[in-house]
Amino acid sequence: MTKGTNPKDLIGLKKPQMHLIPGTFLVHLAEVMQDGAKKYTPYNWREQSIQLTAYTSAMMRHLVAFMDGENLAPDSRAHHLAHIGAGCAIVIDAMESGTLIDDRPEHAKTAEVVKRFTKDIVKGPQ
């Protein structure tokens, strides 16, 4: 330990660096989580199990709407990307809480197919 280094700082550096999460995202995420808490009660996924595919489908719908140029979900008036973040947060929390029903289909070889279809970048004259 170097002179003047606080031992708590050294311990803290080994833990997740929470300050790296952008505050703007947290604000958007909080808005979506608050909307969901009003509709379904806070932390409902810890009280009753949830199906993974229901959440992944919802996240995919939000992504498609966002890619189509729509920033805000019409029902909540919250950002589609925040809805995706909320879905991810809920799924991870349900996994950690033991309330996730993992109903994904049998895995495919999507990563291998993506790799096969990935084109080499042609470099110009050197």
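1. Let me start with threonine 99. Setting aside neighbours up to four places away in sequence, threonine 99 is in contact with Trp45, Arg46, Gln48, Ser49, Ile50 and Ala94. Please keep in mind that this is a predicted model. Threonine 99 sits in the loop between helix 5 and strand 2 (100–101). With a relative accessibility of 10%, threonine 99 counts as buried, because buried means under 20% relative accessible area. Serine 76 is 23 residues from threonine 99 in sequence, and their C-alpha atoms are 26 Å apart in space.

2. Leucine 100 is worth a look alongside it. Leucine 100 belongs to strand 2 and is buried, at 18% relative accessible area. Without counting neighbours within four places in sequence, leucine 100 contacts Ile50, Leu52, Val91, Ala94 and Met95. Ile50 and Ala94 also appear among the contacts of threonine 99. Threonine 53 lies 47 residues away from leucine 100 along the chain, yet the two C-alpha atoms are separated by 10 Å.

3. Now step back to the whole fold. The protein chain holds six helices and two strands, and along the sequence they follow the pattern α-α-α-β-α-α-β-α. Its radius of gyration is 20 Å, well over the 14 Å that the globule rule gives for 126 residues, so the chain is more spread out than a compact globule. The C-alpha trace spans about 60 × 55 × 30 Å along its principal axes.

4. Two totals add to that picture. Of the 126 residues in the protein chain, 22% are buried. Taking contacts between residues at least 6 apart in sequence, 64% of them join residues at least 24 apart.

5. How do helix 2 (residues 23–40) and helix 5 cross, and at what angle? Their axes come within 8 Å and cross at roughly 75°, which means that helix 2 is roughly perpendicular to helix 5. On the helix 2 side the contact involves Phe25, His28, Leu29, Val32 and Met33, and these meet Ala82, His83, Gly85, Ala86 and Ile90 of helix 5. By residue type, this contact has seven nonpolar, three polar and no charged residues.

6. Further along helix 5 (residues 80–97) you will find aspartate 93. Its side chain makes a polar contact with the side chain of tryptophan 45, at 2.7 Å. Leaving out neighbours within four places in sequence, aspartate 93 is in contact with Trp45 and Arg46. Trp45 and Arg46 also belong to the contact list of threonine 99, so you may like to view these residues together.

7. Histidine 80 is also part of helix 5. Is histidine 80 buried or exposed? At 3% relative accessibility, histidine 80 counts as buried. Beyond the neighbours within four places in sequence, histidine 80 is in contact with His62, Ala65, Phe66, Glu70, Asn71, Leu72, Ala73 and Pro74.

8. Leucine 72, one of those partners, lies in the loop between helix 4 (52–67) and helix 5. Leucine 72 is partly exposed, with a relative accessibility of 32%. Residues up to four places away aside, leucine 72 touches Arg77, Ala78, His79 and His80. Glutamine 34 is 38 residues from leucine 72 in sequence, and the C-alpha atoms of the pair are 16 Å apart in space.

9. Finally, please check the backbone around threonine 41 and tyrosine 43. Most residues other than glycine have a negative phi. Threonine 41, in contrast, has a positive phi near 85°. Threonine 41 is placed in the loop between helix 2 and helix 3 (44–47), and with a relative accessible area of 41% this threonine is partly exposed.

10. Tyrosine 43 is the other residue to inspect. Although tyrosine 43 is not a glycine, its phi is positive, at about 55°. The loop between helix 2 and helix 3 is where tyrosine 43 lies. Tyrosine 43 counts as partly exposed, at 46% relative accessibility.

Notes
Residues are numbered from 1 along each chain as its sequence is written. This is a predicted model: local features need pLDDT of at least 70, side-chain atom pairs count only at pLDDT 80 or more; totals for chains, interfaces and linings use all residues. Side-chain values use heavy atoms; hydrogens and water are left out. Helices (H or I, at least four residues) and strands (E, at least two) are DSSP runs, numbered from the N terminus. A polar contact is a pair of N or O atoms within 3.5 Å; within protein, one must be able to donate a hydrogen and the other to accept it, and residues adjacent in sequence count only if both atoms are side-chain atoms. Contact means heavy atoms within 4.5 Å. Buried means under 20% relative accessible area, exposed over 50%, partly exposed in between (1.4 Å probe, protein chains only). Axes are lines fitted to C-alpha atoms, for helices over the stretch in contact, and angles run from 0 to 180 degrees between N-to-C directions. Angles under 35 degrees count as roughly parallel, over 145 as roughly antiparallel, 65 to 115 as roughly perpendicular and the rest as oblique. Ala, Val, Leu, Ile, Met, Phe, Trp, Tyr, Cys and Pro count as nonpolar, Asp, Glu, Lys and Arg as charged, and the others, Gly among them, as polar. The radius of gyration is taken over C-alpha atoms; the globule rule is 2.2 Å times the number of residues to the power 0.38.
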